[in-house]
Amino acid sequence: MVTIWWCVLGLLLGGYFALAGYDYGVGFLLPGLARDEPQQRRALGALGPFFLANEVWLIAAVGVLFGAFPHLEGRVFAGAYVLVVTLLLGLVAFTASVQLRSRRPEARRGPWTFGITAGALVTTVSWGLFLGNLVLGLPVDSRGNPVDDVLALFDPYAVLWGLGFVALFGLQAAVFLAVRGPADLAGRAARFAKSFTAPAGTFLVVATAWGALAVSGASWLAIVVTAVAFAAFGVVLFGLRTRRFRVALPAAMLLSATPALLVGVLRFPTVLVSTSDPSYALTVSAAVTAPETAALLGWFAVPVLVVLVVVQWLTWRANRGPVDRQSLLHF
């Protein structure tokens, strides 16, 4: 049962990064991709039907983390509280700016566009730093209490992950707009996607080689997830070179999901280690809630997951075509 709940959490987080990655990528690429107001509105309109549904995956994942793994939640959020705060600030700024930008047609949209770009970039880098630190371990003591060492959260390896997430989400967003963006934007998005392949590939290679030296006790599942990441990147390259963007898009989405999946299986069943005290290790069995609570949550988990997947699939099916001048723009 413990492993099943851990897989559910991984499914939700992987789905969140696979879907919301292009939201943030479109956000921080918006000024460079779309040159005028009509293009910016259509670029945001391309992700409009999926925007709120994509964020629901994160809400569901946090709910599972709080409900099923309360002992892990407290230590992770406390050990990386600075990154959690910046992540929340970025999410709030991005989400609010997207929804308020076109609320009043006569209002100035420049500040909202800046909020979209800055919020998306802060969110992306914060996620990379956060997951990069989970790979290394968090500064906590032998009891799992946070150690006051903020600078430790900005280890060079974690910074590499922060920059790598910009490359991954930028690649994913550019491929997404090559598929669903308006005709006058799709060609530019395809060129952007090709320009992001080099930094994304560099991140994969460097993070894998560096991680192999810096991380001890990695499981065989980590090797499998890493292989999946490189395979997905290869499919993205194939799709871009042959202009089969609808082949490249699901591969780019899977590529963006693999870092979160890697963190989950890296040392399994150990789910959290400390950079301050090497003797500290929190296992998934110690992190899980009481069996009675897990059983109660199970009654809600299955129907919620089914509804989430079905609604997401129906939304994609109804909005699989590219945006044009006659499309209803949500933002």
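Here is a short walk through two salt bridges and one buried leucine in this predicted model.

Let's begin with the charged pairs. A search of the whole structure turns up two salt bridges. One of them joins Arg101 to Glu37, with the closest N and O atoms 2.6 Å apart. Arg101 sits in the loop between α5 (81–100) and α6 (110–136), while Glu37 belongs to helix α2 (residues 37–47), so this pair ties together parts that are 64 residues apart in sequence. The two partners differ in their surroundings: Arg101 is buried, at a relative accessible area of 1%, whereas Glu37 is partly exposed at 27%.

The other salt bridge also involves helix α2. Here the side chains of Arg42 and Asp184 meet, at 2.8 Å from N to O. Because Asp184 lies in helix α8 (residues 183–214) and Arg42 in helix α2, the pair ties together parts that are 142 residues apart in sequence. Arg42 counts as buried, with 8% relative accessibility, and Asp184 as partly exposed, with 33%.

Now turn to Leu177, which you will find in helix α7 (residues 156–180). Is Leu177 buried or exposed? With a relative accessible area of 1%, which is under the 20% cut-off, Leu177 is buried. Which residues does Leu177 touch, leaving aside its neighbours within four places in sequence? Its contacts are Val26, Leu33, Ala43, Ala46, Leu185, Ala186 and Ala189. For a sense of distance, look from Leu177 to Phe192: these residues are 15 apart along the chain, and their C-alpha atoms are separated by 9.9 Å.

Terms used. Residues numbered from 1 in each chain as written. Predicted model: local features only at pLDDT ≥ 70, side-chain atom pairs only at ≥ 80, totals over all residues. Heavy atoms only, no water. Helix = DSSP H or I, 4+ residues; strand = E, 2+ residues; numbered from the N terminus. Buried < 20%, exposed > 50% of the residue type's maximum accessible area, 1.4 Å probe, protein only. Contact = heavy atoms within 4.5 Å. Salt bridge = Lys/Arg side-chain N within 4 Å of Asp/Glu carboxyl O.
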